[in-house]
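Visitor: Please take a close look at how one pair of helices packs in this model, and then work outwards from there.

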Amino acid sequence: MQYALLIYEDESIFGPGKAGPKLQQVVGRHHEFVKELGAQRVGGAGLKATSSATTVRTTRGKQILHDGPFAETKEQLGGFYLIEAPDLDAAIAIAKKVPLLEDGAIEIRPVLSPG
Amino acid sequence: MSGAALERVFREASGRIVGALAARFRDLALAEDAFSEACARALEDWPSKAVPTDPAAWLYQVAVRAALDGLRRHRTQEQFVMQSLPEVHEQAEPEHDDELIPDERLRLIFICCHPAVSIDARAALTLRLVCGLTTLEIARAFLVSETTMAQRLTRAKGKIADAGIPFEVPAVAFWSERVDAVLDTIEIAYAKAHEDAAASGTHAHFAGEMLFLTQILVQLMPAEAEPAALAAMVRFAEARRPARVDTEGLMVPLSEQDPRRWQRSLIDEANDYLTRAVAIDPNPARVIQAQIHAAWCSRDNLEEPPPWPQVLALYDALLFRRDDTIVRLNRLVAVAEVHGVESALSHLEAMDRELLRDFAPYHAVRADLLRRAGCRDEALRAYDAALAAISSPAERQWLTRQKCLVVVP
């Protein structure tokens, strides 16, 4: 099966615009992790700060554009991995190893109609 | 065979048949539907024809056919059927069920109690699939409507299928975490049944299922200490049920329960399980908890002094392994008896009051200690706080009576 591992962290710890030295620190750890994952990693990316987000909201057919992420939350989606794993237990084992700089959460979501 | 006898056959066969089908077809809903269909067929066939000599084997074979038919109807699964499923032949007299039906109940329990399944649904799903309880019976035990329970079960089964929860006994790396999830599930479910001290009908029945379930767990995990400890705990607690409420429906605290009203046969069974657990590993928290129960249940009559010093020593050991609020509060109750109320009170007042604001046991323990220390006004306020947070009628009545003692000791 394929799973998306969605990484939620408080992006303010990385400094304004997610550009501080702390980001380099965690990016370095992600590079290590990607090596470790090898072929289990199908895809993924880190995301720029939510200050750069734009949201297109559709309500009853009408589309409105607004500045910012779809919801204001304490922790923000900061990146994701797409992985191949035989079952949820295997995906959980990988999710537990996703680097986080401080507190955070990894949401494990099975992908619709796995490729 | 009477209706009740049929019910019993279905219930006893449920865990083994649904487990075997789920392991074979990797589909919980399909397994459950196929078993229901087999039961329905049995209800039609058995009263008119002879009941098969091995009803479970009959049910299993009919259920396997029903599952295969179900898969054929869902053409998306066609490929899987063609590849991996042998034809099942009609047999006049099926083989013996022990050889026919692989015992996959442990896998089934691990699936139902997977930590990725909502905690509300885990025990319900286990009772439904492993113990064969009906949705209505489970709904009554959890005090929700049948519709709510049916939705909860459906959602849980959907989650198991969609999230790819494996139909396997967990790998070594996950073993202890997953065994813990199973034991927690049963412990919480039992506590829920035990909460109602008066134990009206459905709860008593539910507690009976917990005895059965813990017995199965010990059978299936013979090398683990904690399942045996849990089996012991459930039996110690059940043994005391007749003495937990007095004739007026008031809760009777453990130290005031008449040991002559406890059920000796359950205590003996519990002690056997505890001996077994200690022999495997005396260290886990659950083993110590069971030892605390055992200390209480070793009392023969009310003239014998309560085993407070032994209980305190065990709580000291438990706190070392499981430092949580309930353990701390229970320990302080023992401290008050062994070292005096003042000592217990000073420890209690050092706890974080804001964090415990809505926690009924905290207020109940505090009220009792304050009353005994002679702090009248504070005790009254603590009783009110406890009463505001407790819903069980037997406990409320008891607290109300204790509160009266503040004014008229």
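Guide: What follows starts with a helix pair in chain B and ends with two loops of chain A.

This is a predicted model, in which local features need pLDDT of at least 70 and side-chain atom pairs count only at pLDDT 80 or more, while totals for chains, interfaces and linings use all residues. Residues are numbered from 1 along each chain as its sequence is written, and chains are lettered from A and ligands numbered from 1 in the order in which they are written.

The pair is helix H13 (residues 264-280) and helix H14 (residues 285-297) of chain B, whose axes come within 10 Å and cross at roughly 145°. Helices (H or I, at least four residues) and strands (E, at least two) are DSSP runs, numbered from the N terminus. Axes are lines fitted to C-alpha atoms, for helices over the stretch in contact, and angles run from 0 to 180 degrees between N-to-C directions. The crossing of H13(B) and H14(B) is left-handed, a term for a near helix turned anticlockwise from the far one by less than a right angle, with clockwise being right-handed.

H13(B) brings B:Ile267, B:Asn271, B:Leu274, B:Ala277 and B:Val278 to the contact, and H14(B) brings B:Val287, B:Ala290, B:Gln291, B:Ala294 and B:Cys297. Contact means that the C-beta atoms of two residues, placed from the backbone, lie within 7 Å. By class, the residues of this contact are eight nonpolar, two polar and no charged; Ala, Val, Leu, Ile, Met, Phe, Trp, Tyr, Cys and Pro count as nonpolar, Asp, Glu, Lys and Arg as charged, and the others, Gly among them, as polar.

A residue of helix H12 (residues 225-240) of chain B, B:Ala229, also touches this region. Leaving out residues up to four places away in sequence, B:Ala229 touches B:Leu274, B:Ala277, B:Pro284, B:Arg286, B:Val287 and B:Ala290. B:Ala229 is buried because it has 31 C-beta neighbours inside 10 Å. The cut-offs are 20 or more other C-beta atoms within 10 Å for buried, 12 or fewer for exposed, and partly exposed in between, with C-beta atoms placed from the backbone. From B:Ala229 to B:Asn271 is 42 residues in sequence and 9.5 Å in space, C-alpha to C-alpha.

Further along chain B, helix H20 (residues 393-407) has buried residues B:Ala394, B:Glu395, B:Trp398, B:Leu399 and B:Val406. They lie on the same side of H20(B), because they cover an arc of only 130° around the axis; the arc is that of the directions from the helix axis to the C-beta atoms. That buried side packs against helix H18 (360-373) and helix H19 (376-389) of chain B. On the face turned away from it are the exposed residues B:Thr400, B:Arg401, B:Cys404 and B:Val407.

Chain B meets chain A through 10 residues, against six residues from chain A. Helix H9 (146-163) and helix H10 (172-195) of chain B each supply at least two residues to the chain B side.

In chain A, two loop residues have a positive phi. A:Lys18, in the loop between strand S1 (2-9) and helix H1 (21-37), has a phi of about 50°. A:Arg60, in the loop between strand S3 (54-59) and strand S4 (62-67), has a phi near 45°. A:Lys18 is buried, with 21 C-beta neighbours inside 10 Å, whereas A:Arg60 is exposed, with 4 other C-beta atoms within 10 Å.
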